[in-house]
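Student: I would like a close look at one part of this model. Please take a single residue as the starting point and work outwards from there.

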Amino acid sequence: MAFTPTLTQYLLGQLAAHPDRKDLVLIMSDLATIGKIISRETNRAGLASILGAAGSTNIQDEEVQKLDVFANELCKNYLRTTGHFCAMASEEEDTVVDLGGEGKGGGKYVIAFDPLDGSSNIDVNVSIGTIFSVHRRLPDLPTAAPEHFLQPGKEQVLAGYILYGSSTVLVFSFGNGVHEFTLDQSLGEFFLSRDRMQVPKKCKYYSVNEANFKYFQPRDQKFVTYLRDELGCGARYIGSFAADFHRNLITGGIFLYPGVDKKGTGEYKPKLRLNFEAKPMAFLLAHAGGLAMADSEEILAIKPVDVHQRVPIVMGNKEVMREYATMKKDA
Ligand code: AHG
Ligand code: MN
Ligand code: MN
């Protein structure tokens, strides 16, 4: 009887094949543990009465839900003890968290994370996720220098997400294939469920908040219309990027969060964050036969200018994205 490898067995296999990847294998194991803990808390949310807004707002000026706070504190407190990182950046933290002062200056990596993505869905029992992005620390810079987080996405060495849905799945890539593991809650083990994932060629769904359609630039309006009326894609939008991304990765689809101009100023403002959402997902997509763009740039090529920079996002399988790339900005 063939036995499905556990995450531990899979990572040990990676270690045997790539001894230089030891640190990343250990980091992935730590992130899996964080995923198990947040999964447990997410499933208890209704019981643990941690529903409802904590009352504060974060740097994105969004109401912070208590599970957001729990997940952010957990990520920071757990990751700082691992010794892998010289600094961390969280979507929920205004500034970079410096780990140099804690004798962790030896950390060879930095990590950016969205501790809880889709927080508006926490108290309506809809899938939410944790997104992570790991870069090598840049040489000759202080541990908390923002430059560590201003590297283009193609320099990531590990990226992925944990999705807390009907089951808890972990999807990640070291840059050699995208792999999905599913958590067996009764054992507390992740088991390999999809190996070397590839986005299907057929674009089954498009995912966009169509309430913003009238605020999109003409090119984005044209592309949404093309997906819906010419390709005949179905509409699916969950409102948690990790969940929408995961479904499209499996079924084939395009995710869009274009810039919106709600004031008629001609400035199309993006919402999603380059370091915490766009880069990690673009990295996965690139290794699963997809393409992720921010207007006319490939997301993986963008050099961030600010740790909390936001970008417009259009991403999915390459063939369909080529159509977007050919559409002129002024459509
Ligand atoms: P977060 O909860 O981390 O702020 O992320 C929410 C993001 C993303 O997950 C989702 O795709 C998007 O916000 C939904 O935005 P709208 O509600 O404006 O469509
Ligand atoms: Mn998010
Ligand atoms: Mn978030």
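Tutor: In this predicted model, start with Y237 and the residues it touches. Apart from its neighbours within four places in sequence, Y237 is in contact with S207, V208, N209, D244, F255 and Y257. Y237 itself sits in the loop that runs between β12 (234–235) and α5. Its relative accessible area is 33%, so Y237 is partly exposed, since buried would require a value under 20% and exposed one over 50%.

One of the contacts of Y237, S207, leads on to R247. The side chains of S207 and R247 are joined by a polar contact of 2.6 Å. R247 belongs to helix α5, which spans residues 241–251. With neighbours within four places in sequence left aside, the contacts of R247 are Y205, S207, R236, I238 and G252. S207 is thus in contact with Y237 and also with R247. R247 has a relative accessible area of 14%, and because this is under 20% R247 counts as buried.

Y237 also appears in the annotation. An unreviewed UniProt entry places the feature "binding site" at D117, G118, S119, S120, N209, Y237 and K271. Of these residues, K271 is included in the lining of the second largest pocket. N209, which is listed in that record, is among the contacts of Y237. S119, another residue in the record, is located in the loop between β5 (109–117) and β6 (128–136). The relative accessibility of S119 is 16%, so S119 is buried.

D117, also listed in the record, takes the description to the metal site. The manganese ion (ligand 2) is coordinated by D114 (OD), D117 (OD) and E277 (OE), at 1.9 to 2.1 Å. Along the sequence, the spacing of these donor residues is D-x2-D-x159-E. A further manganese ion (ligand 3) lies 3.7 Å from the manganese ion (ligand 2), and D114 coordinates both. D114 has 0% relative accessibility and therefore counts as buried. D117 is buried as well, because its relative accessible area is 4%, where the limit is under 20%.

To put the parts together: Y237 is partly exposed and contacts S207, whose side chain makes the polar contact with R247. Y237 shares its UniProt "binding site" annotation with D117, and D117 is one of the residues that coordinate the manganese ion (ligand 2).

Notes. Residues are numbered from 1 along each chain as its sequence is written. Chains are lettered from A and ligands numbered from 1 in the order in which they are written. This is a predicted model: local features need pLDDT of at least 70, side-chain atom pairs count only at pLDDT 80 or more; totals for chains, interfaces and linings use all residues. Side-chain values use heavy atoms; hydrogens and water are left out. Helices (H or I, at least four residues) and strands (E, at least two) are DSSP runs, numbered from the N terminus. Buried means under 20% relative accessible area, exposed over 50%, partly exposed in between (1.4 Å probe, protein chains only). A polar contact is a pair of N or O atoms within 3.5 Å; within protein, one must be able to donate a hydrogen and the other to accept it, and residues adjacent in sequence count only if both atoms are side-chain atoms. Contact means heavy atoms within 4.5 Å. Donors are N, O and S atoms within 2.8 Å of the metal (3.2 Å for Na, K and Ca); water is not among the atoms, so sites may look incomplete. UniProt positions are given in the numbering used here, feature names are shortened, and annotations may be inferred rather than shown by experiment. On a 1 Å grid over the protein atoms alone, a cavity is a set of points where a 1.4 Å probe fits but cannot get out, and a pocket is an open set with protein on both sides within 12 Å along at least five of seven lines; lining residues have an atom within 4 Å of a point.
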